[in-house]
Amino acid sequence: MGRFRIKVYLRLRPSDKPSPFIHIQPTSSTVQIDDDKHAGGGPPKNYTERRLFRFDGIIQSSSQEAVFDECAKGVVEDVLTGYHGTIFAYGQVGSGKTFTMTGETKTFIYCGLIPRCIHRIFEEKESKPAAEIKVHVSYLEIHNEVIYDLLAKREAASQITTLEEDGTVEFRGLTRVLCTTEEQALKLFFEGERHKAVAVHPLNQVSSRSHCMFTLYVERHAGMASIPEKTAAKLNLVDLAGFGQSKGIEFSEQSKKEIVNINKSLIFLEQVVSELGRGQTHISFRQSRLTLLLKDALGGNSRTVLIICAWQEHICLDETVLVLFLLNRSFVQSTH
Ligand SMILES: Nc1ncnc2c1ncn2[C@@H]1O[C@H](COP(=O)(O)OP(=O)(O)OP(=O)(O)O)[C@@H](O)[C@H]1O
């Protein structure tokens, strides 16, 4: 299968006092960030040569439903016709990744992409019984470079090993549950959420300390007039742990270890992105659990959407530029 282009969206966390150095041009989907050398802050010196960033879309104050329609709906429709899909959120601590992927779940209007993807898949299953759609789910997290099964007892989870089959990454030992209803899938997702590794961080009271992937495996067992073949595809929904500086902040030994592991795995991710951007023949996917986890998504065998979440506050400007520069350059500049 040929390489699909990865779509990149920027979601800016709402702010009462956005940095005056950030200029958003919604019509051209670009963000211009001014140099702030004189004020002693602003973009890190290495990155000053380029500060205009282009996206497939910029999300500022859209509803959760609008974010689903713009970023995720097309991927889910493709999964229903047999293409693998991946949607992942990346950004600084507290920038809105979990809000984007999970959302606030008490009322549907604030639900994020994962409950909405589940809803759309079961809507299709129920409206087309002749297609005999079967849905399985799994949920894993990578915490300190160990893979845990969020649908099983935590201590059993480190038995999971990764293997590559038919060019896609599979996880041996990971629980996969057949769900016949939307409620069942949602219940498993929320149960898994409760097992995630979280901690208090100065930028976020409930900060994810692990990379999490919820997967829906969708099989169509009977062909139909619109889609004659039987199909099988998976949709990976990934909420990455946030990167962040730890300078000047008191953290426990456990938190320090988590921060080192998170930042290290995100650096490996950026390396892979950069290798892909340069068109290298060998891509170092195997250097961390995270890059292996995202191999399908980045390597071209999947419809992939990256949502970069970012703060607009001036105090976070260095990190915002860094995230835009590192992940955005390979995907977007080469494609527009
Ligand atoms: N677009 C948004 N609209 C409204 N509230 C938001 C938005 N983005 C984030 N928030 C709020 O900001 C807080 C932090 O967001 P969230 O937990 O999603 O960040 P995160 O990027 O997942 O952080 P971490 O990396 O620490 O896990 C939450 O209370 C969330 O509700």
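Which residue does Glu141 stand opposite in β14? In this predicted model, Glu141 stands opposite Cys212 of that strand, and the pair offers a convenient way into the strand pairing around β7.

**Strand β7 and its partners**

Strand β7 covers residues 133–143, and nine of its 11 residues are buried, so that the strand is mostly covered. The strands that pair with β7 are set out below, each with one pair of residues that face each other across the two strands.

| Partner of β7 | Residues of the partner | Bridges and sense | Example pair |
|---|---|---|---|
| β14 | 211–220 | 10 bridges, antiparallel | Glu141 and Cys212 |
| β11 | 177–179 | three bridges, antiparallel | His136 and Leu178 |
| β8 | 146–149 | four bridges, antiparallel | His143 and Val146 |

Strands β7 and β8 also form a hairpin with two residues between the strands, and in this hairpin Asn144 takes a positive phi near 50 degrees. Strands of a sheet pair through backbone hydrogen bonds, and the pairing may be either parallel or antiparallel.

**A three-stranded open sheet**

Elsewhere in the chain, three strands form an open sheet in the order β2-β3-β4, with antiparallel pairing. Its edge strands are β2 (22–25) and β4 (52–54), each of which pairs on one side only, and the twist from one strand to the next averages 20 degrees. Within this sheet, β2 is joined to strand β3 (residues 30–33) by four bridges, the two strands running antiparallel, and Ile22 has Ile33 as its bridge partner in β3.

**The nonpolar core**

The largest nonpolar core holds 83 residues, of which Cys117, Leu237 and Ile308 touch the most other members. Helix α1 (residues 64–80) gives the most to this core, contributing eight residues. If residues up to four places away in sequence are left out, Cys117 touches Ala72, Val76, Leu216, Leu235 and Leu237. In soluble globular proteins, nonpolar side chains tend to be buried together.

**Ile307 in strand β16**

Ile307 is found in strand β16, which spans residues 303–310. Is Ile307 buried or exposed? Ile307 counts as buried because 27 other C-beta atoms lie within 10 Å, where 20 or more are required. Not counting residues up to four places away in sequence, Ile307 touches Tyr9, Arg11, Cys71, Ala89 and Thr100. The C-alpha atoms of Ile307 and Val8 are separated by 5.9 Å, although these two residues are 299 residues apart along the chain.

**The surroundings of the ligand**

Around the ligand there are 17 residues, of which Gly96, Thr98, Phe99, Ser207 and Gly242 come nearest. Both α2 (97–101) and β13 (204–208) supply at least two residues each to this shell. Sorted by class, the shell consists of five nonpolar, 10 polar and two charged residues.

**The chain as a whole**

The chain contains eight helices and 16 strands, and of its 336 residues 44% count as buried. Among the contacts in the chain with a separation of 6 or more, 68% are accounted for by residues 24 or more positions apart.

Key: Residues numbered from 1 in each chain as written. Predicted model: local features only at pLDDT ≥ 70, side-chain atom pairs only at ≥ 80, totals over all residues. Buried ≥ 20, exposed ≤ 12 C-beta atoms within 10 Å, placed from the backbone. Contact = placed C-beta atoms within 7 Å. Near = placed C-beta within 6 Å. Nonpolar A, V, L, I, M, F, W, Y, C, P; charged D, E, K, R; others polar. Pairing = 2+ DSSP bridges. Axes fitted to C-alpha atoms, helices over the stretch in contact; angles between N-to-C directions. Core = buried A, V, L, I, M, F, W, Y, C linked by C-beta atoms within 7 Å.
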